Amino acid sequence: MANLNSLDVFFSVHSFQEEELRDRVVVVADVLRATSTIVTAIHNGARGVIPVADMGEASKIAQNVDSDNYLLCGEKDGVMIEGYDLGNSPLEYTPERVKGKTLIFNTTNGTKALRKSFSADEVYIAAFLNLDQVVEKLSSVGKDVVIVCSGWKGRLSMEDLLLAGSIIYHLGDGNLPSEARDGAKVAFSLYEKFGKDLASVILNSNHGFRLRNLNSVADIEYCSQVNTHRVLPVLHEGIITDQYVTKTG
């Protein structure tokens with residue numbers, strides 16, 4: 001089981017250096033909306049997701065692949081990028097659109113956090129949608145765990161911290177050791193206080209207000225659902241695929 005004494009939480013993509021993740025197990029959270037969208041895409045049959053740091057990298061990859069099997073996806077400041085196939089609303093990522101496709105994915109915060117996590121030993125993608133699968137995986141790892149909250153342009157995001165707190169809360173069966181790191185304590189306490197009213201809290205978060213102004217209330221409601229998708233996306237050698245295997249017996 002993950003050692004809750006050593007488990008750490010970084011509050012945004014700008015709150016850590018890449019070297020701090022080396023040889024650790026990393027969980028990346030961007031509830032609104034990148035990791036929720038990745039979980040949805042994998043759940044709906046996408047072959048894989050390639051996270052990129054910016055539009056230039058996305059365009060370079062897109063120019064060198066078969067457009068029939070790849071989709072260019074993502075957003076800038078919450079809005080779909082002109083010329084892309086899909087934006088960053090998980091509701092767009094239906095089986096009809098993504099099944100069998102590889103997605104080149106570029107977002108304001110989430111994919112930057114993923115790219116910055118390349119030095120980690122293992123990188124898992126978390127959302128409230130696949131909370132149980134993340135907790136189940138972390139309960140069996142033997143290395144130090146870091147939860148990376150993508151945040152918003154260097155600032156913390158309530159919804160990402162709530163997800164981090166939820167992961168920690170369930171890993172410890174509602175308990176957190178007094179020796180736990182400060183980041184874990186903050187996230188855990190936030191979830192203890194607001195975890196029973198996730199949808200409302202996320203809707204009224206700073207990022208929730210931004211999305212509401214973009215007429216994306218349906219996205220917020222969708223991303224606030226818990227344990228609807230039995231997938232565990234993992235980043236390996238630059239591409240995200242599903243590594244969750246349902247246990248039988």
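User: Which residues does L103 touch, not counting residues up to four places away in sequence?
Analyst: L103 touches A41, A46, G48, V49, I50, L71, C73, Y93 and V98. Contact here means heavy atoms within 4.5 Å. This is a predicted model: local features need pLDDT of at least 70, side-chain atom pairs count only at pLDDT 80 or more, and totals for chains, interfaces and linings use all residues. Residues are numbered from 1 along each chain as its sequence is written, and side-chain values use heavy atoms, leaving out hydrogens and water.

User: Why is L103 called buried or exposed?
Analyst: Buried means under 20% relative accessible area, exposed over 50%, and partly exposed in between (1.4 Å probe, protein chains only). L103 has 1% relative accessibility, so it counts as buried. The residue sits in strand β6, residues 102-106. Strands (E, at least two residues) and helices (H or I, at least four) are DSSP runs, numbered from the N terminus.

User: What makes S157 buried or exposed, and which residues does it touch?
Analyst: S157 has a relative accessible area of 4%, so it is buried. Its place is the loop between β8 and α6. Leaving out residues up to four places away in sequence, S157 touches G151, W152 and H207.

User: What is notable about the phi of K153?
Analyst: K153 is not a glycine, yet its phi is positive, about 50 degrees. K153 lies in the loop between β8 (145-149) and α6 (158-171). Its relative accessible area is 47%, so K153 is partly exposed.

User: Why is D173 called buried or exposed?
Analyst: The relative accessible area of D173 is 67%, so D173 is exposed. D173 is also a residue other than glycine with a positive phi, near 50 degrees. It is found in the loop between α6 and α7 (182-194).

User: How do you know that there is a cavity of 30 Å³ or more?
Analyst: Rolling a probe the size of a water molecule over the atoms shows where empty space is left. On a 1 Å grid over the protein atoms alone, a cavity is a set of points where a 1.4 Å probe fits but cannot get out. Grid points are joined across faces, edges and corners, and a volume is the space filled by probe spheres set on the points. A search of the whole structure finds one cavity of 30 Å³ or more. The largest cavity has a volume of about 80 Å³. It is lined by 14 residues, and the closest to its centre are L32, R33, E75, N88 and H207. Lining residues have an atom within 4 Å of a point.

User: What joins L32 and R33?
Analyst: A cis peptide bond, with omega about 10 degrees. R33 lies in the loop between β2 (25-29) and α1 (34-43).

User: Why is the chain called as compact as a globular protein of its length?
Analyst: The chain has 10 helices and 10 strands. Its radius of gyration is 17 Å, close to the 18 Å that the globule rule gives for 249 residues, so the description holds. The radius is taken over C-alpha atoms, and the rule is 2.2 Å times the number of residues to the power 0.38.

User: Where is the pLDDT below 50?
Analyst: pLDDT is the predictor's confidence in each residue, from 0 to 100. The chain averages 94, and 98% of the residues score at least 70. Over residues 245-249 the pLDDT is below 50, and this stretch has two contacts in the model beyond near neighbours in sequence. Where pLDDT is low, the predicted coordinates should not be read in detail.

Notes: On a 1 Å grid over the protein atoms alone, a cavity is a set of points where a 1.4 Å probe fits but cannot get out, and a pocket is an open set with protein on both sides within 12 Å along at least five of seven lines; lining residues have an atom within 4 Å of a point.
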